[in-house]
Structures are given as C-alpha cells and as structure tokens.
Amino acid sequence: LSRLLDNMLPRNTNSIHKNSPKAIDLTSDHLLTSNDLNAFDIICSSEYGGGILPHREYVGNNRFRVMLSLHREKFLQTGNKGKFEIVLRIIDSVRSSSPPGRFVAKDETVGLWREVSTKMIMMTILQTM
C-alpha cells in the first residue's frame with residue numbers, strides 16, 4: 001500500500017488541495033476536544049496502520065463507509081491514476097460537507113484530537129477500499 005501511495009502522490013503532498021478552500025494546513029498543531037467534532041468528521045486511528053477505528057457507531061465514520069462503498073466498484077476496476085482521482089474526490093467530498101468534515105486522530109499524549117495528514121487520509125482510504 002505504501003508503495004502504491006508513493007506512486008500516486010505528487011512530490012509535494014502539501015499541494016494536493018492547494019486550490020481547495022477546505023485544505024488542511026499540514027503544519028498546524030490545532031487541537032480539538034470531543035465537543036469540537038461534528039457529524040461529518042472521520043475518526044482515524046494510528047493503531048491498525050491508520051485505518052478507521054472499530055467503533056462503528058460514530059456517525060461520521062458510518063457516512064464515510066457508505067461513501068467508500070459507493071466508489072468501491074469503480075475503484076477496483078481502475079488503474080493507479082483513476083484510484084488517485086477517486087481518493088481525492090472522496091477527501092474533497094468529506095471536506096466540502098456542511099459543516100466541513102475532517103479526518104482526525106486522538107493524540108494520546110494530550111488527550112485531544114488532531115487533524116491527520118493527507119498521506120494518512122489516503123492510506124486510510126486505500127486500506128479500507
């Protein structure tokens with residue numbers, strides 16, 4: 001998966017969504033409390049290689065699984081370029097929700113949530129697909 005992702009990513013991953021108003025500042029240390037999370041946020045985990053957390057009851061994760069299932073057939077039938085475009089479309093769809101969805105993981109050192117990098121988001125989607 002990592003090799004596939006490296007082949008799919010442009011050299012500068014910070015520029016993937018530079019034209020998107022919902023782009024994540026990859027250098028941000030912005031922390032979120034559980035109260036800051038919304039129904040469109042996706043809870044990721046650094047455990048299990050960055051996959052979706054096992055608790056399925058979180059509404060944002062459930063929405064995300066439905067979104068992935070809608071793209072799965074085309075994803076499996078396309079080459080790397082097509083996979084890359086589908087992954088970006090999924091990320092943009094989450095980020096353009098109202099309110100905007102974020103991909104977050106718990107920072108156990110401080111007990112708060114952080115937005116995760118685009119590379120981790122892409123790994124999560126690739127592992128789930």
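How many bridges join β3 to strand β4, and do the two run parallel or antiparallel? In this predicted model, four bridges link β3 to β4 (residues 112-115), and the two strands run antiparallel. Together β3 and β4 make a hairpin, with four residues sitting between them. One residue in that turn, G111, has a positive phi of about 75°.

Strand β3 has another partner too. Strand β2 (residues 42-44) pairs with β3 in the parallel sense, this time over three bridges. V104 is a handy residue for following both pairings: I43 stands opposite V104, while in β4 the bridge partner of V104 is E115. As for its surroundings, β3 (residues 103-107) has four of its five residues buried, so the strand is largely enclosed by the rest of the structure.

Now for the nonpolar cores. The largest one holds 21 residues, and those touching the most other members are F64, V87, I90, I91, F103 and I125. Two or more residues come from each of β2, α2 (59-77), α3 (80-95), β3 and α4 (118-128). The biggest giver is α3, which supplies seven residues. I90 shows what such packing looks like from one residue's point of view: leaving aside residues up to four places away in sequence, I90 touches F64, M67, L68, H71, I125 and M129. There is also a second, separate core of six residues, and its members include L32, L37, Y58 and V104. V104, then, belongs to this second core as well as standing opposite I43.

Notes: Residues are numbered from 1 along each chain as its sequence is written. This is a predicted model: local features need pLDDT of at least 70, side-chain atom pairs count only at pLDDT 80 or more; totals for chains, interfaces and linings use all residues. Side-chain values use heavy atoms; hydrogens and water are left out. Buried means under 20% relative accessible area, exposed over 50%, partly exposed in between (1.4 Å probe, protein chains only). Two strands pair if DSSP finds at least two bridges between them. A nonpolar core is a set of buried Ala, Val, Leu, Ile, Met, Phe, Trp, Tyr and Cys residues joined through side-chain atoms within 4.5 Å. Contact means heavy atoms within 4.5 Å.
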